[in-house]
Amino acid sequence: MQSVENQIVDSSFSAIINAPIEKIDIPQWCFTLSEKDYQGCSPAHIAAGFTTAPDGRRMSINVETIGGSLMVQHYVETLGERDHLILDSDSDVFTPSGRTTIHVTWELSAKRLDDAKCEFTNRVRSYATDEMLGFLDRQGIPFDIFRTQRQPMSIAHNKGETPLFAASIERAALRND
């Protein structure tokens, strides 16, 4: 469990998926998402792929730029249900001042609204790792200042990608009709 004191952001947005909950399979969508579909969900998305972690769990690899920093995310599945997926990543962050890491928990879920639609929620929580705290300290950047500057960029990114992820999940759910 990550420390609340080291939390950078906790951002959650929702959008409607016009498909019945029975057709939703978020892990299937995530671990088969094409690079083109991933790129279509945000102008900040660069590349995506999937593999397995050393322990055999499924892993989604995402490359994106947030707030001018290139991020390589290694999302390992920690919960995988058709309507609920939780992924954790110790992500690489490439900044103008060098490379560090950030811990990100990405949670995607859907809940039934009626027979024909669901509410999709995209929640992203990020935390400074010990490595990042040392990285900031060596540059004389107080963590509170870093957090204050990082939050608006992370929140705006999540807000922009959420409806596009929902639309992509909807297309995947209805593809087999």
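Me: Which residues lie nearest the centre of the largest cavity?
Reply: In this predicted model, Glu64, Ile66, Gln73, Val124 and His157 lie nearest the centre of the largest cavity. The lining of that cavity is made up of 21 residues.

Me: Which elements give two or more residues to that lining of the largest cavity?
Reply: They are strand 1 (7-17), strand 3 (58-66), strand 4 (69-81), strand 6 (98-112), strand 7 (118-128) and helix 4. Helix 4 gives the most, with 6 residues.

Me: What is the volume of the largest cavity, and how do its lining residues divide?
Reply: The largest cavity holds about 200 Å³ of space. Its lining consists of 10 nonpolar, 8 polar and 3 charged residues.

Me: How many cavities of 30 Å³ or more does the structure hold?
Reply: The structure holds 2 of them. The second largest has a volume of about 60 Å³, and the residues lining this second cavity include Trp29, Cys30, Tyr38 and Trp106.

Me: Which element gives the most to the lining of that second largest cavity?
Reply: Strand 2 does, with 3 residues. Helix 1 (26-30), strand 2 (45-52) and strand 3 each supply at least two residues there. The lining of the second largest cavity has 7 nonpolar and 3 polar residues, and no charged ones.

Me: Back to helix 4. What does Ile155 touch, leaving out residues up to four places away in sequence?
Reply: Ile155, which is found in helix 4 (residues 143-174), touches Val9, Ser11 and Phe13. Ile155 and Val9 are 146 residues apart in sequence, yet their C-alpha atoms are 7.7 Å apart in space.

Me: Is Ile155 buried or exposed?
Reply: Neither: Ile155 is partly exposed, because its relative accessible area is 32%, and the partly exposed class lies between the 20% and 50% limits.

Me: New topic: how many salt bridges are there in the whole structure?
Reply: A search of the whole structure finds 10. In one of them, Arg123 pairs with Asp10, and the closest N and O atoms are 2.7 Å apart. Arg123 lies in strand 7 and Asp10 in strand 1, so this pair ties together parts that are 113 residues apart in sequence.

Me: What about the salt bridge of Glu119?
Reply: The side chain of Glu119 meets that of Lys111, at 3.5 Å from N to O. Glu119 is partly exposed at 25% relative accessibility, and Lys111 is partly exposed at 48%.

Me: Which residues do salt bridges with shared partners join into one network?
Reply: Asp10, Glu107, Arg123 and Arg125 are joined into one network in that way.

Conventions. Residues numbered from 1 in each chain as written. Predicted model: local features only at pLDDT ≥ 70, side-chain atom pairs only at ≥ 80, totals over all residues. Heavy atoms only, no water. Helix = DSSP H or I, 4+ residues; strand = E, 2+ residues; numbered from the N terminus. Buried < 20%, exposed > 50% of the residue type's maximum accessible area, 1.4 Å probe, protein only. Contact = heavy atoms within 4.5 Å. 1 Å grid on protein atoms, 1.4 Å probe; cavity = no way out; pocket = protein on both sides within 12 Å on 5 of 7 lines; lining within 4 Å. Points joined across faces, edges and corners; volume = space filled by probe spheres on them. Nonpolar A, V, L, I, M, F, W, Y, C, P; charged D, E, K, R; others polar. Salt bridge = Lys/Arg side-chain N within 4 Å of Asp/Glu carboxyl O.
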